[in-house]
Amino acid sequence: MKPSTLQLAEEYLRRGELKQAGRLLQRAVRAGKASVECYLRLAEVYRLQENWQAAIDAVRAALQLQPNSTTLRERLVELLLESGRLSEAVEECQRWLREAPDHPVALEHLLDAYWQSMDYEHALQVANQLVRLQPRSPHYRLRRARLLDNLGRHAQAVSDYETLAFDRSAPDEIITWAISELERLDRTQIELMLQLLSEDGLFRLEFLRNPLRAARQRGFVFSRVGEQVVEALVDTVRTNLQRPRCYVSYH
């Protein structure tokens, strides 16, 4: 049985013969005999050659054949993201969401586009939407925690990281990451708080009376473990205050 155009193209691709695969698929397209799979394969050939515009055009042509295909729309956005055409990726995702509101794949790619653009505020809005749609998804919650962390919203980031750290249904790598990030946030804030304690007498007095309340009033937010460390610091701070001061004579 004679192999199909797609089978021949696959064989060329398997052997790394991109030009031969491209020519074969292009002939099928010009003859008007190309299937959606042919267009996708042609797009992959162009992608491997880093001919981004041609790859994108091939997927758009496939969408003319199957305009409601999630696979094709996803592939188009992926190519836009990979080629660095982030604003176009955002527009494509927004168009997709107008037609299919709350579509998780479109939202995930929109989040990627905003994240790569370092537009963290818009990325956070999308992450919030994904968490609302799937509140038990550890992947969406982790992405939101990282965005909150990037934006300096440590209280909310700590909350999400703690949810993940104690979620036994979450993958081990996500739990490990969440614990590591909690430790980092606690350590960073404790260092800043110790500096403030050495410089601000009023804060020091408030801290000795009620360490957690004093820390929260100054904007510090710790994990459960971090709060235990903060409370244990009271004795250290009190001991330092009780040490006799040494004065140096100048002659």
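This short presentation covers the salt bridges, one helix and one buried glutamate of the structure shown above.

Good morning. Please bear in mind that this is a predicted model.

I begin with the salt bridges. The count comes to 20. One of them joins R47 to E82, with their closest N and O atoms 2.8 Å apart. This pair links distant parts of the chain, since R47 belongs to helix 3 (residues 36–48) and E82 to helix 5 (residues 70–82), 35 residues apart. With a relative accessibility of 41%, E82 counts as partly exposed. Both residues also belong to a network of salt bridges, in which E44, R47, R75, E78 and E82 are linked.

Helix 5 brings us to another pair. The side chains of R73 and E99 form a salt bridge, at 2.6 Å from N to O. R73 is in helix 5 and E99 is in helix 6 (residues 86–99), so this salt bridge ties together parts that lie 26 residues apart in sequence. How do the two partners stand with regard to the surface: buried or exposed? R73 has a relative accessibility of 9% and is therefore buried, the limit being under 20%. E99, at 52%, counts as exposed, because the limit for that class is over 50%.

I turn now to helix 8, which comprises residues 120–133. Its 14 residues, at 1.5 Å a residue, should span 20 Å, and the C-alpha atoms at its ends are indeed 20 Å apart. Which residues of this helix are buried? They are A123, L124, V126, A127, L130 and V131. These residues lie on the same side of helix 8, because they cover an arc of only 165° around the axis. Among the elements that cover them are helix 7 (104–116) and helix 9 (138–150).

Helix 8 also takes part in a salt bridge. E121 pairs with R153, and the closest N and O atoms are 2.8 Å apart. E121 is in helix 8, whereas R153 is in the loop between helix 9 and helix 10 (154–165), so that distant parts of the chain, 32 residues apart, are linked. Both partners count as partly exposed: E121 has a relative accessibility of 39%, and R153 has one of 30%.

Finally, I should like to draw attention to E181, in helix 11 (residues 172–199). With a relative accessible area of 12%, E181 is buried. Apart from neighbours within four places in sequence, E181 is in contact with D149 and Y161.

Thank you for your attention.

Technical notes. Residues numbered from 1 in each chain as written. Predicted model: local features only at pLDDT ≥ 70, side-chain atom pairs only at ≥ 80, totals over all residues. Heavy atoms only, no water. Helix = DSSP H or I, 4+ residues; strand = E, 2+ residues; numbered from the N terminus. Buried < 20%, exposed > 50% of the residue type's maximum accessible area, 1.4 Å probe, protein only. Contact = heavy atoms within 4.5 Å. Expected span 1.5 Å × (residues − 1). Arc of directions from axis to C-beta. Salt bridge = Lys/Arg side-chain N within 4 Å of Asp/Glu carboxyl O.
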